[in-house]
Amino acid sequence: MIVMKKILLFLFAVCFHSLTHSQDIFIKDYTKPAATEIWEPQPKIVTPGLNNAPPSDAIVLFNGKDTDSWIMSKDSSKCKWKQENNVLTAIVRSGNIKTKQLFGDCQLHLEFMIPADVNTTPVATNRGNSGIFLQERYEVQIFDSYKNETPLYANGITGSIYKQVIPLANAGSKPGDWNNYDIYYTAPKFRFNGTVETPAFVTVVHNNVLVLNHFEIQGSSEYIGTPHYELHDKGAIELQEHGSGVSFRNVWIREL
């Protein structure tokens with residue numbers, strides 16, 4: 001019994017010394033600056049790109065030199081879109097293209113141009129019609145929306161999540177001029193039974209104007225019917241061909 005008491009007293013003394021002579025997180029002097037300082041881990045160093053170049057940790061998906069990162073969505077064959085003068089242009093009726101690599105949370109940058117002769121297109125729904133599908137199912141729309149000159153439902157113009165939300169602003173450039181998109185995407189998370197634990201969120205900056213601010217995506221983009229979620233893992237970035245020769249350049253992505 002005496003030995004046990006000595007052991008207990010020793011352990012108490014050690015614990016008391018540790019608590020009173022250390023900067024343990026449970027006992028802090030909040031009158032000192034150090035109480036609210038976190039030193040580790042330090043964030044990784046990322047060198048920003050200069051002159052419109054991608055940052056140092058970006059995965060370049062199209063730099064004007066080749067289409068090696070892309071395949072046709074319908075059959076995974078070699079990309080058939082036109083590559084010329086550092087620009088990738090959709091070939092009408094060729095189909096969508098998608099990345100070989102799969103992504104989840106990401107920062108995506110790209111530039112796109114609606115054809116200058118789009119006003120000659122007789123079918124209004126094909127005037128610059130394209131889009132970017134995140135994980136192959138959530139569409140950030142591209143359309144000839146310059147100054148609302150093309151009549152279209154507001155949740156289907158450039159900057160919308162197709163048929164889900166009206167963008168905060170219409171920042172589109174006129175056909176023949178380049179636009180840029182910066183898209184910040186958080187992928188949905190699913191429970192083991194396939195139900196949604198947290199939905200997807202997206203922030204979109206169009207031509208340096210915030211057009212979607214942490215929008216909660218309602219589910220897959222549907223032409224007919226309401227959006228819905230289905231269990232999925234990482235997915236490709238998909239560029240849509242929808243009857244118009246929309247062009248793309250300077251496409252890069254950062255995994256988050």
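In what order do the 5 strands of the open sheet stand? Before the answer, two remarks on the model. This is a predicted model, in which local features need pLDDT of at least 70 and side-chain atom pairs count only at pLDDT 80 or more, while totals for chains, interfaces and linings use all residues. Residues are numbered from 1 along each chain as its sequence is written, and side-chain values use heavy atoms, with hydrogens and water left out.

Now the sheet. The order is E2-E5-E14-E7-E8, and the pairing is antiparallel. Strand E2 (70-72) and strand E8 (138-142) each have a single partner strand and stand at the edges, so one side of each is left without a neighbour in the sheet. On terms: strands are DSSP runs of E with at least two residues, helices are runs of H or I with at least four, and both are numbered from the N terminus. Two strands count as paired if DSSP finds at least two bridges between them. As background, strands of a sheet pair through backbone hydrogen bonds, either parallel or antiparallel.

At the E8 end, strand E7 (residues 130-134) runs antiparallel to E8 and is joined to it by 5 bridges. One of the bridge partners is easy to find: Ser-130 is matched with Ile-142 in E8. The loop between E7 and E8 holds Glu-136. The phi of Glu-136 is near 65°, a positive value in a residue other than glycine. Glu-136 has a relative accessible area of 31% and is partly exposed. For the scale, buried means under 20% relative accessible area, exposed over 50%, and partly exposed in between, with a 1.4 Å probe and protein chains only.

A second positive phi in a residue other than glycine is that of Asn-207, near 50°. Asn-207 sits in the loop between strand E12 (201-206) and strand E13 (209-216). Its relative accessibility is 17%, and Asn-207 counts as buried.

Next, strand E15 (residues 247-255). Of its 9 residues, 7 are buried, and the strand is mostly covered. Which strands pair with E15 in the antiparallel sense over 7 bridges? That is strand E6 (residues 106-113), and within this pairing His-109 has Trp-252 as its bridge partner. Strand E1 (residues 59-62) is antiparallel to E15 over 3 bridges, with Ile-59 opposite Ile-253 as a bridge pair. Strand E4 (residues 87-89) is also antiparallel to E15, through 2 bridges, and there Leu-88 is the bridge partner of Phe-248.

Ahead of E1 there is a cis peptide bond, from Glu-40 to Pro-41, with omega near -5°. Pro-41 is placed in the loop between helix H1 (2-20) and E1.

On to the core. A nonpolar core is a set of buried Ala, Val, Leu, Ile, Met, Phe, Trp, Tyr and Cys residues joined through side-chain atoms within 4.5 Å. The largest one has 40 residues, and those with the most contacts inside it are Leu-108, Leu-134 and Val-202. E6 gives the largest share of this core, 4 residues. Contact here means heavy atoms within 4.5 Å. Neighbours within four places in sequence aside, the contacts of Leu-108 include Leu-61, Ile-132, Leu-134, Val-251, Trp-252 and Ile-253.

Now the loop between E8 and strand E9 (178-186), where Ser-145 is found. Ser-145 has 4% relative accessibility and counts as buried. Not counting residues up to four places away in sequence, Ser-145 touches Ile-157, Thr-158 and Asn-170. Tyr-162 also lies between E8 and E9, and is buried, with a relative accessible area of 9%. The C-alpha atoms of Tyr-162 and Ile-142 are separated by 9.2 Å, and these residues are 20 apart along the chain. Among the residues that Tyr-162 touches, with those up to four places away in sequence not counted, are Glu-139, Gln-141, Ser-221, Glu-222 and Tyr-223.

Last, the cavity. A cavity is a set of points, on a 1 Å grid over the protein atoms alone, where a 1.4 Å probe fits but cannot get out, and lining residues have an atom within 4 Å of a point. Grid points are joined across faces, edges and corners, and the volume is the space filled by probe spheres set on the points. The count is 1 cavity of 30 Å³ or more, and the largest has a volume of about 30 Å³. Its lining includes Phe-112, Phe-143, Ser-145, Thr-158 and Asn-179.

Terms used: On a 1 Å grid over the protein atoms alone, a cavity is a set of points where a 1.4 Å probe fits but cannot get out, and a pocket is an open set with protein on both sides within 12 Å along at least five of seven lines; lining residues have an atom within 4 Å of a point.
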